[in-house]
Structures are given as C-alpha cells and as structure tokens.
Amino acid sequence: MLELYDLNTDFSQSQNLADQHPDKVKELKELFIAEAKKYQVFPLDASVAARIVAPRPNITAGRSEFVYTHPMVGLPQGDSPMLLNSSYTITADIEVPQGGAEGMILTSGGRFAGYGFYLLKGKPVFLWNLIDLKRVKWEGPEALTPGKHSIEFDFKYDGLGVGTLAFNDMSGLGRPGTGTLKVDGKAVQTIALPHTLPMILQWDESFDIGSDTLTGVNDADYQPPFTLTAKLDKLTIKVDRPQLTEEDIKKLEESQATAVDGRPIHHLQGGPQ
C-alpha cells in the first residue's frame, strides 16, 4: 500500500492523500523504483530492529542459570544476563543483621530504563523502570527480621520472545507479563504488566550486585551507591527464554510471505501537483 502526504501543510503525516491523487502516487512510485534500481537498494530490508538486538559473543551465551556469591559492580550490559522478553526468577539468599538492613541486591540499567532488587528500610522491593515513563514497584509488607531470608522475584512472560525477529517480526517483543514478589516462599505481591521493555536497557549503565553504580532506577527511593548492609549468601538468576513451536513458526512464515508478496507499505513524501 502506497501513502502520499503533503509536507507543506501536513508535516506530521496525519492525512493520507493517496486516494485523492492516484496519478501523483503512480508518478512518484515510478520515480522511486527507477532510483532504487539505479542505486541497487532492492530488495528493501526492514530488519533494523533484528540487527540491533542480534546477540553478540559474550560469556552469557547458551546459559540460562547464573549464580553469584559475592558483590560485584560494573559488568557491561552485553556480558550480563538478559531478562527482556523472557520469563525469569531471581532469588536472593541473604542474612539480615541485628538492627535491620537496606541496600541494593541487584540492579541493571539506571534512571532511564532498568530494574532494581533491593531492601528499602528493611522491606524487600523489586522495581521496573520503564524508560522513565512509569515505575512499577513490588514491595513486601514489612521489614525483614534479623536472620536468614530468601527473597524471590518471579516473572512469567506472555510473548513469543526474540525468536520472531528471525522472521522480521517484532510481535514477540515487549509483551505483557506477571511478576510476583515472594518472601521466604510466600507470595507477598503480584502485579501484571500490560507492556514490558522490548529491546535494551539503558546502554551506558551496568549490571551491579551489592550496590548501585552511576544512576539509580528510582531516585525517590535511594541514592547510589546504596550499598547492601545485609550479608549476601547467594544470588541466583534463572532465565526461561520462550521457544517457538512448529505452529508459531508456520504462522510467522505465512505472515512474512504476505509481507513480501502482498502489498508492502511505502511512504511517498511530497505535495500533490
């Protein structure tokens, strides 16, 4: 399907004039095809998103479980567990001293996108910062008592995952999911997210355990470094990445064939004459 806009009067491209000026659409289409052939731009490639999120070689490749027993900071995003577009479970085994504890257990990202798992005035918190537009917080009802505790955040993702990108289809990304915060095996809060982050976290931040470097995911709760004052015995991250079924693949192949052989959308910008 071809679209036509008059940028002299409609810079936002809200009024499609193609039906009113079929001759102009035909003319511009012929000009576009001629230039495209001249500069060898066919076939058109719309796989920019797929290339952006394509996996690069790193130490997490092929792994679905990660265990940490000591604080560490500054791990680049590309060398840390990727939680986007997947189900996952994060479990922190900690020991709270007399007088209580606070601080960052695990964080990745920062002020403009990312997540944080921390103790706030003794209460366990898991927070998703959705590109600084919205912050969703799961919080325990009371401060943890002195002694050993296991706190867990479990997230169930409802989408097909990054596998759809192999078919130049982004429908598997940024889908809904449901998160549950648990304390010592007991669920304390469950929240459903209608949307999740689809591609990357804040690229200039890092993956940190035991404190938070650079910017925090929620300035209203804490200021970095927000060092954890509880003893971290073990932090476990398990990632369950969606796998496409044969039926999923068939549907995606059919959709891809339609996009290629049907009527792809092109935008022709200019004013009717």
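Strands β6 and β7 run antiparallel and are joined by 7 bridges. Strands here are DSSP runs of E with at least two residues, helices are runs of H or I with at least four residues, and both are numbered from the N terminus. Two strands count as paired if DSSP finds at least two bridges between them. The model is predicted, so local features need pLDDT of at least 70 and side-chain atom pairs count only at pLDDT 80 or more, whereas totals for chains, interfaces and linings use all residues. Residues are numbered from 1 along each chain as its sequence is written, and side-chain values use heavy atoms, with hydrogens and water left out.

Within the β6 and β7 pairing, F117 stands opposite F126 of β7. The two strands belong to an open sheet of 6 strands with antiparallel pairing, in the order β3-β12-β5-β6-β7-β8. At its edges are β3 (72-76) and β8 (134-139), each of which pairs on one side only. On average, neighbouring strands of this sheet are turned by 15° against each other, direction ignored; such angles are taken between the N-to-C directions of lines fitted to C-alpha atoms, for helices over the stretch in contact, and run from 0 to 180 degrees.

Another open sheet has 6 strands in the order β2-β13-β4-β9-β10-β11, again with antiparallel pairing. Its edge strands are β2 (65-68) and β11, and because each has a single partner strand, one side of each is left without a neighbour in the sheet. The twist from one strand to the next averages 10°. Inside this sheet, β4 and β9 (residues 147-157) pair in the antiparallel sense over 9 bridges. One position to look at is D93, whose bridge partner in β9 is S150.

T89 also lies in β4, which spans residues 87-96. Its relative accessible area is 19%, so T89 is buried; buried means under 20% relative accessible area, exposed over 50% and partly exposed in between, with a 1.4 Å probe and protein chains only. The side chain of T89 makes a polar contact of 2.6 Å with the side chain of D154. A polar contact is a pair of N or O atoms within 3.5 Å; within protein, one must be able to donate a hydrogen and the other to accept it, and residues adjacent in sequence count only if both atoms are side-chain atoms. Not counting residues up to four places away in sequence, T89 touches E152, F153, D154, T236, I237 and K238, where contact means heavy atoms within 4.5 Å.

The aromatic residues come next. There are 13 aromatic pairs in the structure. Rings of Phe, Tyr and Trp (its six-membered ring) pair if their centres lie within 6.5 Å; planes under 30 degrees apart count as stacked, over 60 as edge-to-face and the rest as tilted. The rings of Y115 and F126 are stacked, because their centres are 5.9 Å apart and their planes stand at 10°. Y115 is in β6 (residues 113-120) and F126 in β7 (residues 123-130), so this pair ties together parts that are 11 residues apart in sequence. Both partners are buried: the relative accessible area is 1% for Y115 and 0% for F126.

Y118 and F226 form an edge-to-face pair, with 6.0 Å centre to centre and 75° between the planes. Since Y118 lies in β6 and F226 in the loop between β12 and β13 (231-240), the pair ties together parts that are 108 residues apart in sequence. Y118 and F226 are both buried. Ring pairs also link Y88, Y115, F117, F126, W128, W138, F153 and F155 into a cluster.

W128 recurs in the nonpolar packing. The largest nonpolar core has 41 residues, and L106 and W128 have the most contacts inside it. A nonpolar core is a set of buried Ala, Val, Leu, Ile, Met, Phe, Trp, Tyr and Cys residues joined through side-chain atoms within 4.5 Å. β4 gives the most to this core, with 5 residues. A second, separate core of 8 residues includes V125, L127, V217 and Y222.

Two further positions remain. P194 is in the loop between β11 (186-193) and β12 (206-209). P194 and R175 are 19 residues apart in sequence and 7.1 Å apart in space, C-alpha to C-alpha. A257 is found in helix α3 (residues 246-261) and, at 36% relative accessibility, counts as partly exposed.
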